[in-house]
Amino acid sequence: HIKSAGTGNVLFVESSDGHHLGGFYQESDTRAAFNVRDASGCVKVNLDSGENSWFTGGNLGIGTTGPGSPLTIYNDSTAVNTQLHVHNDKTGDAAVLRLEGKRTSTNDNAQILFANNGSIGSTIRSYSGGDDGDIRFYTSASGTGNTTSEALRITSAGDISVISGKGLYFGGGNRSTSTNAQAYIKESGLN
């Protein structure tokens, strides 16, 4: 049993050379906080029960001890899907996943990569240089490794363009085999 004497250090750990490594703290409203410091004494991990918490000391791994990006989620089970679940219980607001870049000239500012066994199969990229933007869809042909090629684009004006040499198909069944045909539309019951 350890009882706090008030705001500040409740329990802290000191290194062999005398600098503060981290510890448990009581905030002014009596809530708890915990932090871990680097060798220079800067807080790199802060867990606060009532305010902001953060990790700035390196990459964070969930299910892995060797994260290769700021957040890596790894599931070594072959029985279930790995999910990143964003849930919002408020009836008036949506759950939001926000990907934000800081481009000043038109370039890819956000990407979603779809990979299988280490190889990128397709990507969705947002292109922007300000407050406008278009979205582009890329695919990878078999044997091309991680090389993807643009297949479809939706411009900031709402226009949809299919990249030259690709086809756009609506419906099913027979379609024209003409090399010049770029769009195929099939209505139910018609050939």
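Which residue in strand 2 is the bridge partner of Val13? It is Gly22. I'll start there and work outwards. One caution first: this is a predicted model.

Let me set the scene. The chain has 191 residues, and 14% of them are buried. It holds 14 strands and 0 helices. Read along the sequence, the pattern is simply β-β-β-β-β-β-β-β-β-β-β-β-β-β. The accessible surface comes to about 14300 Å². Carbon and sulfur atoms account for 50% of that surface. Now the contacts. Take those between residues at least 6 apart in sequence: 5% of them join residues at least 24 apart.

Next, the sheet at the start of the chain. Five strands form an open sheet, in the order 1-2-3-4-5, with antiparallel pairing. Strand 1 and strand 5, residues 54-55, are the edge strands, each pairing on one side only. As background, strands of a sheet pair through backbone hydrogen bonds, either parallel or antiparallel.

Look at the pair that opened this talk. Strand 1 covers residues 8-14, and 6 bridges join it to strand 2 in the antiparallel sense. The two strands form a hairpin with 5 residues between them. Gly18 sits in that turn, with a positive phi of about 95 degrees.

Back to Gly22. Gly22 belongs to strand 2, residues 20-26. Buried or exposed? Gly22 has a relative accessible area of 6%, so it counts as buried. What does Gly22 touch, leaving out residues up to four places away in sequence? On one side of the list are Leu11, Phe12 and Val13; the others are Asn35, Val36 and Arg37. Val13 is also the bridge partner we began with. One distance to note: Gly22 and Lys44 are 22 residues apart in sequence, and their C-alpha atoms are 9.6 Å apart in space.

Now to strands 4 and 5. They pair antiparallel over 2 bridges. Our marker here is Asn46, in strand 4, residues 43-48. Asn46 stands opposite Trp54 in strand 5. Its relative accessibility is 8%, under the 20% cut-off, so Asn46 counts as buried. Which residues does Asn46 contact, apart from neighbours within four places in sequence? They are Phe34, Asn35, Asn52, Ser53 and Trp54. Asn52 deserves a second look. Its backbone oxygen lies 3.3 Å from a polar atom of the Asn46 side chain. Asn35 turns up again too: Asn35 is in contact with Asn46, and Gly22 touches Asn35.

Charges next. How many salt bridges does a search of the whole structure find? It finds 7. I'll show three of them.

Take Arg31 and Asp29. Their closest N and O atoms are 3.0 Å apart. Arg31 is buried at 18% relative accessibility, while Asp29 is partly exposed at 46%. Both residues also belong to a network of salt bridges with Asp48.

Then Lys90 and Asp93. Here the closest N and O atoms are 2.9 Å apart. Lys90 is exposed, at 52% relative accessibility. Asp93 is partly exposed, at 44%.

Then Asp108 and Arg103. The closest N and O atoms are 3.0 Å apart. Asp108 has a relative accessible area of 16%, so it is buried. Arg103 is partly exposed, at 40%.

Last stop, the nonpolar surface. A patch of about 1100 Å² is made by Leu47, Phe55, Leu60, Ile62, Leu71, Ile73, Leu84, Val86, Leu97, Leu99, Ile112 and Phe114. Which strands each supply at least two of its residues? Strand 6 at 60-62, strand 7 at 71-73 and strand 8 at 107-116. Loops take part as well. Leu99, one of the patch residues, lies in the loop between strand 7 and strand 8. Leu99 is partly exposed, with a relative accessible area of 44%. Why can Leu99 qualify for the patch on accessibility? Patch residues need over 30% relative accessible area, and Leu99 has 44%, so it passes that cut-off.

To recap. Val13 and Gly22 are bridge partners across strands 1 and 2. Asn46 faces Trp54 across strands 4 and 5. Asp29, Arg31 and Asp48 share a salt-bridge network. And the nonpolar patch covers about 1100 Å². Thanks, that's my slot.

How values were computed. Residues numbered from 1 in each chain as written. Predicted model: local features only at pLDDT ≥ 70, side-chain atom pairs only at ≥ 80, totals over all residues. Heavy atoms only, no water. Helix = DSSP H or I, 4+ residues; strand = E, 2+ residues; numbered from the N terminus. Buried < 20%, exposed > 50% of the residue type's maximum accessible area, 1.4 Å probe, protein only. Contact = heavy atoms within 4.5 Å. Patch = residues over 30% accessible without salt bridge, like charges linked within 9 Å, V, L, I, M, F, W, Y side chains within 5 Å. Areas by Shrake-Rupley, 256 points an atom, 1.4 Å probe, with all protein chains shown as cover. Salt bridge = Lys/Arg side-chain N within 4 Å of Asp/Glu carboxyl O. Pairing = 2+ DSSP bridges. Polar contact = N/O pair within 3.5 Å; in protein donor to acceptor, adjacent residues only side chain to side chain.
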